[in-house]
Amino acid sequence: MSFRLRETDCRTLAFLAEYRTLTPAQITALHQKGKQAVWRRLRILEKEGLIGSVRYELGRRRGRPERLLGLMEHGVSILKERGLIRKDVPYEKVAAAGVPCVDHQLSLNWFRIHLTQVERVLPRLSVRVLAHNSPFLPESPDGGLCITDHSPVPGSGTQGVKFTPDAVFVTCDSVVPKACLFFLEVDCGTETIASPKRDLTDIRQKVINYQWYFQSQRYKRYEDVFQCRLRGFRLLFLTNSLGRLTALCRLTQEIPPSNFVWLTECSRLFPEGVSAEIWAKGGDLQGRGQSILGSLCCPAPLP
């Protein structure tokens, strides 16, 4: 039987372009379809040369390796032919091989997939996401990433300290007209928390950058990006372990004001979802968990 490209195949290719690399389980969660049917179709797409796969052991855990899927040049060509990505986007900008840290990318992907589940559970909410390495991310006037900015730290040069969130997203409520802005930092435990020499790239400096962003109201430039009115934002840290979460919560409480900083870990994400009471507000790990959706708090685990 000759191969025929389906509409769902194009969606799979577009997912791989946007998320850069995905596991079969992640693609299944995005499609919201049966595992066997999705995985069978993925094998066909791989056989036809539209996607490729490699085996990968996640983090330091032992066990069965995951399959990582990514676009092949033939798959990218189809997306361009159908107008799903611009013709001038180079293959390297959508290929999985261009992802520097796979664990980091997969954690970012899972968080974003959980955001899509929130929209299914709460239809009144819409979520728009800008990820730092998406080929669909708009450019700034100077040709850089539209979500990159500079914090004016003394001694850091005329522009200041460059910082780029892993993702920026906004939630919009259609019932009570309200938009909430969030910055996301995915932490895999590889960055220095606070160096003795006050390194301008450590996590302590990241929090300081966002403090300036908050106090200067520089974040309001996203009103033009998302076409909505914004009153403040929340900085979210997603960590990969309880130990790392504890350390970052301690850091957060040591450098106030930091109530706008909310933290959680990957293992808390899956049982109840990103909208549940799984967040340590202001680094308060001992208090009751909070929901980033406030009064719209609800469990939204993946099916």
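These legends accompany several views of a predicted model of one protein chain.

**View 1. The whole chain is built from nine helices and 10 strands.** Let's start with the overall picture before moving in. The radius of gyration is 20 Å, close to the 19 Å that the globule rule gives for 303 residues, so the protein chain is as compact as a globular protein of that length. Its C-alpha trace spans about 65 × 45 × 40 Å along the principal axes. How many of the residues count as buried? Of the 303 residues, 50% do. Contacts also reach across the sequence: among those between residues at least 6 apart, 60% join residues at least 24 apart.

**View 2. The accessible surface of the protein chain comes to about 15,500 Å².** Carbon and sulfur atoms account for 51% of that area. If you are thinking about electrostatics, the chain carries 42 positive and 30 negative charges. The mean positions of these two sets of charges are 4 Å apart.

**View 3. Six strands form an open sheet with mixed pairing.** Follow the order E3-E6-E7-E8-E9-E10 to trace the sheet from one end to the other. Which strands are the edge strands? They are E3 (125-131) and E10 (280-281), each of which pairs on one side only. As a reminder, strands of a sheet pair through backbone hydrogen bonds, and the pairing can be parallel or antiparallel.

**View 4. Edge strand E3 pairs with E6.** The two strands run antiparallel and are joined by seven bridges. To find your place in this pairing, look for Ser126, which stands opposite Cys172 in E6.

**View 5. E6 and E7 form a hairpin.** Four residues lie between the two strands. Strand E6 covers residues 167-173, and seven bridges join E6 to E7 in an antiparallel arrangement. A handy landmark here is Val170, which stands opposite Leu181 in E7.

**View 6. Strand E7 is largely enclosed by the rest of the structure.** Why is that said of this strand? Seven of the nine residues of E7 (residues 178-186) are buried, so the strand is largely enclosed. E7 is also joined to strand E8 (residues 233-239) by six bridges, and these two strands run parallel. Leu181 is worth finding again in this view: its bridge partner in E8 is Phe233, while Val170 stands opposite Leu181 in the pairing of E6 with E7.

**View 7. Pro65 sits in the loop between strands E1 and E2.** The flanking strands are E1 (51-56) and E2 (66-71). Is Pro65 buried, partly exposed or exposed? With a relative accessible area of 33%, Pro65 is partly exposed. Leaving aside residues up to four places away in sequence, Pro65 touches Arg55, Tyr56 and Glu57. For a sense of scale, Pro65 and Pro100 are 35 residues apart in sequence and 19 Å apart in space, C-alpha to C-alpha.

**View 8. Gln105 is found in helix H5.** The helix covers residues 102-121. Is Gln105 buried or exposed? At 3% relative accessibility, Gln105 counts as buried. Which residues does Gln105 touch, not counting those up to four places away in sequence? They are Tyr19, Arg20, Thr21, Val99 and Asn133.

How values were computed:
Residues numbered from 1 in each chain as written. Predicted model: local features only at pLDDT ≥ 70, side-chain atom pairs only at ≥ 80, totals over all residues. Heavy atoms only, no water. Rg over C-alpha atoms; globule rule 2.2 N^0.38 Å. Buried < 20%, exposed > 50% of the residue type's maximum accessible area, 1.4 Å probe, protein only. Contact = heavy atoms within 4.5 Å. Areas by Shrake-Rupley, 256 points an atom, 1.4 Å probe, with all protein chains shown as cover. Lys, Arg positive; Asp, Glu negative; His and termini not counted. Charge placed at Lys NZ, Arg CZ, Asp CG, Glu CD. Pairing = 2+ DSSP bridges.
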